[in-house]
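Have the model open in your viewer and your selection tool ready. We will walk through it one stop at a time.

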Amino acid sequence: MNIIVCIKQVPNTTNVQIDEKTGTLKREGVESIVNPFDEYAIEEGVRLKERFGGKVTVITMGPPQADSALRSAISRGADNAILVSDRSFAGADTLATSYTLAKAIHAAGKYDIIICGKQATDGDTAQVGPGVAEKLDIPHIAYVKKIESIENNLMVAERMMEDGYDVIEVPLPALITVVKEINTPRLPSLKGMLSSKKAQIPQWGAKELGADKNKIGLTGSPTQVMKIFSPPPRPGGEKLTGHVSEMSKTLVSKLKDLKVI
Amino acid sequence: MEYFLTEEQQMMVELARKIANEKIKPVREHYDENEEFPWPIVEEFAKSDLCGAYIPQEYGGLGGGVMDLVLIVEELSKVDGAISLALAASALGTFPILLYGNEEQKRKYLPDIASGRKLAAFGLTEPGAGSDATALKTTAKKDGNHYILNGTKCFITNGGDAEIYTIFASTNPAKGARGISCFIVEKGTAGFEFGKKEKKLGIRASSTRELIFNNCKVSAENLLAKEGYGLMIAQATFDSSRPGVAAQALGIAAGALEESINYARTRVQFGQPIASFQAIQHILADMATEVEAARALLYATSKMMDAQHAAGKKERITKESAMSKYYASEVAMRVTTNAVQVFGGYGYIREYPVEKMMRDAKITQIYEGTSQIQKNEIALALIKEAAGKK
Amino acid sequence: MSNEIKIITEKCTGCTLCFKECIFGAIAMLDSEHLLSDGKKVKKLAQIDLQKCTFCGACVQACKKFGAIELKREESAVHLDMDTTHYKGVWIYAEQRHGEISPVVYELLNESRRLAEKLKVKLSAVLLGDKISNKAEDLIHHGADRVYVFDDPILCEFEDDSYSELLAKLIAAEKPEIVLMGATNIGRSFASRVAAKIETGLTADCTSLDVDINTRNLLQTRPAFGGNIMATILTPKHRPQMATVRHKVFKHAKKDDARKGEVIKKNVEHSSLVIRTKFLKFIKDISAKVNLADADIICSGGRGLGKPEGFKLIEELAEALGGAVGASRAAVDAGWIPYSHQVGQTGRTVSPKLYFACGISGQIQHLVGMGSSDIIVAINKDAACPMMKLATFAIEGDLYEIIPHIVKSLKER
């Protein structure tokens, strides 16, 4: 089974702190990590390989530094990696990114399943996975919480919905985006870390992909950021005081006054 | 302080830290409270190849040395000095095979230990033979192609949970210390049973049991080196393993220091964080200085041992090994006691981690030779050195 | 021409304003002594890493005072010949689940009605499903001028293939200028496919919308970087402009039974539809009495509960309030409650009217998922934790003592 996992390197917001005066993020020294949802995608890819054999290829589009995200995936069991990187890809929105990744997957050869994280934590769009599927003209299932079975080239997966989950069958090749519930990602192994250091990772640019320059980067992006601003901080709250029973009564009456209960 | 670790060593530290923070931290209270052996964590050690860091590549390890083991144990112990012991005590049980095993013995046992499929344990101490280890009473009587073991070992770390045991027994009681031999005994061998599990002050996630040998028949193939080599094997093992205890002690101390600094910066008394008081600052400064000194001594010793090994030298390094263990364990006790002091009342209750750290630290001054025994070893080495110069 | 951005050395004072503003870490401060145009000597110089730069322009704004950063954005080359004036009207996708219109649709109707009036165009809704024609009138009563209905057994369950194919074709034929959907699991999954099919821009999870009546551009404002930054996004040269909209941000449209509108029934040609996915069954989440996404009141528990039994207390509180039960990642990871209850970055994003955070310290990942709640009540031992500072009402103390009192007061009300 040829498994492709698409990942993204994002700023680590885990330890990011908020500047109390301005209410904005403190951005100095924010490290880059593999998008948390993509960790589940990598793990699911490696588990499929362990169940059905084959190989896992990780692909990322980003600056040359995104190389470290690919190596992290190799240390957790991926077999090889491709870095899709070119100055001309910069500024891509989800449409241009979907196009570029689809081109890269096409160029990588035959595939049976493509796995993406549900969304990236920097943009939170959840649009690239389905977009890639559309550009490759293959079906997709978003928000997959479990792969029930893969038999005779048919995959049955559970799609998480607001009120429960749908069970969907899809012929391969197909793309899925996965949610946290699907697995618990393993930590890297030392042997994996050592081999990831040595791995040769090819870098593919617009030329290698044969990409249409009107469809990549800022040029190929219909959406444009007009402005970025910090949201107004929430108005300061009120600290209730007094005995527990008093505080409870005060709270309930205040909530009643506000007509929320 | 920057110790210029190799790229591989940096990776090991990074990985051990990840396991400690992501896998151990959320469950450490559980294992301490329930005195339960942390099997799921041991599986994490296995999956991540940590168990074989110090074992040569030809036996399935990563080919590192004492320094690599030390780095891993220190990092794990920063979060939990009891769970890290599953790995460190297994190394203690493995060193006799690594140092004195023949090719068949190494091929048979090391790969399972390196992969983490099996844990090892070291069996020397007996009820009547603690610091005076040579007073052991367990016997191994030759019977054709076998030895028959009889006797009881106590306080055996990983006892009951390990699969592979290196056991010291006398093959010739008349010869005293020179009559001691070392055997590999597998769990499940007929006549090899486990006694009660001890209830302890600290390192409660680690199992400590009695090993009972009742006409236990062990193949002569399981004898390490030759009859009578036991004491030498034990001494060489301690030379290699004491840095592991030192690393455990260092880790516990470093963890307590980190907790103390964080707490001091957030705990407010008299209207300001307690870290702004000189009384607290001086305690923190003492703690940090001692931790760094213990680390510098331990790393220097470990690097020297690995360099000697790489150069094929077989000189004893008892003095430095004992110094590292002695100093780090004393530091661990002082630093964790101070950490509890910095935390005040909160340090004394189980909701905060320093109480456990203080309990865990105490054992490092006791096992694998008490602090007093380490000082004996150091002094003996000093006198020998001086005598040798004349 | 490609995008260009550069630092004008003689204007850069080394003040680090741009460095602090760059969320992509694309700016570094170099030790580089240089002279400013007024002859002053400064020691630091900003440098832009073009591999990381997304040309968002945040640094240019930060450097307004000095004007040391120059940004030239390339004009979008695609669809330059697209005559955007041919595209008229505002559309919403009227999502239905198990034959019921999703609540977010009524919020969309309310907000898009306002946009349509501002643009002086009609508001249309697109309804796909099986035996759902009877819902069309309801959409009109809530603000739609026109409803396109695809009513066919083949559309009984949501399938990305069929739904996106039908909607994309209808868009191509009717040319609306704006298409909005709810940022639900369905909406996000298939909006992406539709936008990729018709090659237009799509903005995810908007929390504020407006239109510029001169350019007829949709101003799509959404949180980024976990809600710490807001971005306003345009789709200036492509039509339609597509966006998904967060549930519970806009008010529910008022019903007016007198409203009249047009219902246009569309045929579904089975032969032209390729449906590769096959819906097998739906399993309802029985652990949740109230659906988290739709709940107006959510009571969440976190690490501070200390034990799984704590959720019994949270359930009691939720029941007294008629709300849903949520949880922080710490509580889910500890195995105290299933993942479907998780609120936050790796869980669900919610914006209820009232959010109770019990024993949740307020790590940024959690705040991202509930920060847009109207009223937040925090109960925590640690008065200094972020959640207590952010809360509308903060109660310091032991939640095991406090919650039973609140439940009692609620029952007495």
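Start by selecting helix 4 of chain A, residues 128–136. In this predicted model, helix 4 of chain A lies across four strands of chain A: strand 1, strand 6, strand 7 (140–151) and strand 10. Line up your view with strand 7 of chain A, and you will find helix 4 running at about 65 degrees to that strand.

Next, keep two of those strands on screen: strand 6 (residues 113–117) and strand 10 (residues 174–178) of chain A. They run parallel and are joined by five bridges. For a landmark, label Ile115(A), which stands opposite Ile176(A) in strand 10 of chain A. Now add helix 2 of chain A, residues 67–75, which packs on the sheet. Its contacts there are with strand 1 (2–7), strand 4 (55–61) and strand 5 (80–84) of chain A, and the direction of helix 2 makes about 165 degrees with that of strand 5.

Zoom out to take in the sheet as a whole. In what order do its strands come? The order is 11(A)-5(A)-4(A)-1(A)-6(A)-10(A)-7(A)-8(A)-9(A)-17(C), an open sheet of 10 strands with mixed pairing. At the edges you will see strand 11 (203–204) of chain A and strand 17 (278–284) of chain C; each has a single partner strand, so one side of each is left without a neighbour in the sheet.

Chain C has now entered the picture, so to speak; let's look at where it meets chain A. Select strand 12 (residues 224–229) of chain A and strand 14 (residues 229–234) of chain C: they run antiparallel, with five bridges between them. Pick Gln224(A) here, and its bridge partner in strand 14 of chain C is Leu234(C).

Then select the wider interface, where 84 residues of chain A are in contact with 89 residues of chain C. On the chain C side, helix 6 (residues 185–198) gives the largest share, eight residues. Colour that side by residue type and you get 40 nonpolar, 28 polar and 21 charged residues.

For the last stop, show chain B alone, with its 12 helices and 10 strands. Its radius of gyration is 21 Å, close to the 21 Å that the globule rule gives for 390 residues, so chain B is as compact as a globular protein of that length. The C-alpha trace of chain B spans about 80 × 55 × 40 Å along its principal axes. Colour by burial, and 51% of the 390 residues in chain B come out as buried.

Methods. Residues are numbered from 1 along each chain as its sequence is written. Chains are lettered from A and ligands numbered from 1 in the order in which they are written. This is a predicted model: local features need pLDDT of at least 70, side-chain atom pairs count only at pLDDT 80 or more; totals for chains, interfaces and linings use all residues. Two residues are in contact if their C-beta atoms, placed from the backbone, lie within 7 Å. Helices (H or I, at least four residues) and strands (E, at least two) are DSSP runs, numbered from the N terminus. Ala, Val, Leu, Ile, Met, Phe, Trp, Tyr, Cys and Pro count as nonpolar, Asp, Glu, Lys and Arg as charged, and the others, Gly among them, as polar. Two strands pair if DSSP finds at least two bridges between them. The radius of gyration is taken over C-alpha atoms; the globule rule is 2.2 Å times the number of residues to the power 0.38. A residue is buried if 20 or more other C-beta atoms lie within 10 Å of its own, exposed if 12 or fewer, and partly exposed in between; C-beta atoms are placed from the backbone. Axes are lines fitted to C-alpha atoms, for helices over the stretch in contact, and angles run from 0 to 180 degrees between N-to-C directions.
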